Amino acid sequence: MYIAQIGLDQKQSVVQTQNDWSVAKMENAKAEADYNQMTQQLTVVRNDRQKAKLEQDSAASNKKSADASGDTNKMNDAQKQLRGAELAVKAADARVKYYEAYRGYLKKWWRYTQENMYWREAQYELAKAQLAQKNNIQPKGVTFESFTAQEQERNRRAQTAKQKADGEKTRATTARESWIAAQSASDSANGRQGNLPDPMATPAPSTTAGPAPTPTPTPTP
């Protein structure tokens with residue numbers, strides 16, 4: 001209201017910070033959506049682990065029956081199936097841990113985007129205050145120094161949240177590597193090529209004309 005009469009040629013910083021704030025709000029909304037999606041996916045992989053454990057129990061029962069038969073061929077086949085089932089369970093466990101770690105990262109990232117959103121808003125408010133001060137406009141009860149202090153505090157909080165998110169991403173990356181190794185061993189033992197969803201995998205380049213797809217769900221600042 002107080003700076004409305006000031007010309008647009010003096011409002012570049014106000015416009016820019018307002019745009020930055022709008023982008024930050026969209027990033028926050030996406031971070032929340034990514035976290036909720038991963039929560040749903042985590043339920044699926046936990047169910048897959050339960051299925052793998054049931055298959056391991058069945059393989060163990062078959063092994064007992066084969067051992068009782070005394071048939072060497074049956075015993076060898078049953079042992080092979082049991083070994084494959086055991087490795088499948090290990091891979092399923094590793095996958096659950098990976099998804100849990102990645103969801104932990106997405107939660108921290110969501111928190112960071114919230115703090116970043118508040119920081120961008122503080123920048124916007126500071127830009128307006130600086131413009132008013134530059135034009136000798138000071139509404140009653142307004143202390144210009146408070147806008148600077150607010151922006152600095154929000155910046156500090158955003159940077160702290162970003163560091164925490166980066167730490168969680170490192171933990172998720174380690175969990176992903178463990179899962180890949182376990183899944184590879186399971187696929188090899190069971191004679192199959194796994195193509196399970198990997199949320200941290202680098203998206204394949206687009207082969208069609210047009211803009212490249214946005215990498216998801218790994219967010220970027």
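Me: What is Tyr98 in contact with, leaving aside its neighbours within four places in sequence?
Reply: Tyr98 is in contact with Ala172, Ala175, Arg176, Trp179, Asp198, Pro199 and Met200. Contact here means that heavy atoms lie within 4.5 Å.

Me: What kind of model is this?
Reply: This is a predicted model, in which local features need pLDDT of at least 70 and side-chain atom pairs count only at pLDDT 80 or more, while totals for chains, interfaces and linings use all residues. Residues are numbered from 1 along each chain as its sequence is written, and side-chain values use heavy atoms, with hydrogens and water left out.

Me: Back to the tyrosine. How many residues has the largest nonpolar core, and which have the most contacts inside it?
Reply: The largest nonpolar core has 25 residues. Tyr98 is one of those with the most contacts inside this core, and the others are Tyr99, Tyr102, Tyr105, Leu106, Trp109 and Ala172. Such a core is a set of buried Ala, Val, Leu, Ile, Met, Phe, Trp, Tyr and Cys residues joined through side-chain atoms within 4.5 Å.

Me: Which helices supply at least two residues each of this core?
Reply: Helices H1, H2 and H3 each do so. The most comes from H2, which gives 12 residues. The helices are DSSP runs (H or I, at least four residues), numbered from the N terminus.

Me: What lies apart from that core?
Reply: Another core lies apart from it, made of 15 residues. Val14, Trp21, Ala24 and Met117 are among them.

Me: Now Ala175, from your first list. Where is it placed?
Reply: Ala175 has its place in helix H3.

Me: Why does Ala175 count as buried or exposed?
Reply: Ala175 counts as buried because its relative accessibility is 16%. The scale has three classes: buried is under 20% relative accessible area, exposed is over 50%, and partly exposed is in between (1.4 Å probe, protein chains only).

Me: What does Ala175 touch, not counting residues up to four places away in sequence?
Reply: Ala175 touches Lys97, Tyr98 and Ala101. With Asp20 the case is one of distance: the two residues are 155 residues apart along the chain, and their C-alpha atoms are separated by 34 Å.

Me: And Glu168, where is that, and is it buried or exposed?
Reply: Glu168 also has its place in helix H3. Its relative accessibility is 18%, so Glu168 counts as buried. Not counting residues up to four places away in sequence, Glu168 touches Gly104, Tyr105 and Lys108. Tyr105 was named above among the residues with the most contacts inside the largest nonpolar core.

Me: What about Glu115: which helix, and buried or exposed?
Reply: Glu115 lies in helix H2. A relative accessibility of 4% is the reason why Glu115 counts as buried.

Me: Which residues does Glu115 touch?
Reply: Glu115 touches Arg154, Arg157, Ala158 and Ala161, again not counting residues up to four places away in sequence. Leu82 is 33 residues from Glu115 in sequence, and the pair is 50 Å apart in space, C-alpha to C-alpha.

Me: Why do residues three or four places apart in an α-helix point the same way?
Reply: An α-helix has 3.6 residues a turn, so residues at that spacing point the same way.

Me: Different topic. What span is expected for the 47 residues of H3, and how far apart are its end C-alpha atoms?
Reply: At 1.5 Å a residue, H3 should span 69 Å, and its end C-alpha atoms are 68 Å apart, which agrees. The expected span is 1.5 Å times one less than the number of residues.

Me: And how far does H1 reach?
Reply: From its first C-alpha to its last, H1 reaches 84 Å with 58 residues, close to the 86 Å expected.

Me: What follows these helices?
Reply: Gly70 comes just after H1 and takes a positive phi of about 80°. Gly191 follows H3, and its phi is positive too, near 65°.

Me: Which residue other than glycine has a positive phi?
Reply: Asn136 has one, near 60°. This residue is placed in the loop between H2 and H3.

Me: Is Asn136 buried or exposed?
Reply: Asn136 counts as exposed, because its relative accessibility is 74%.
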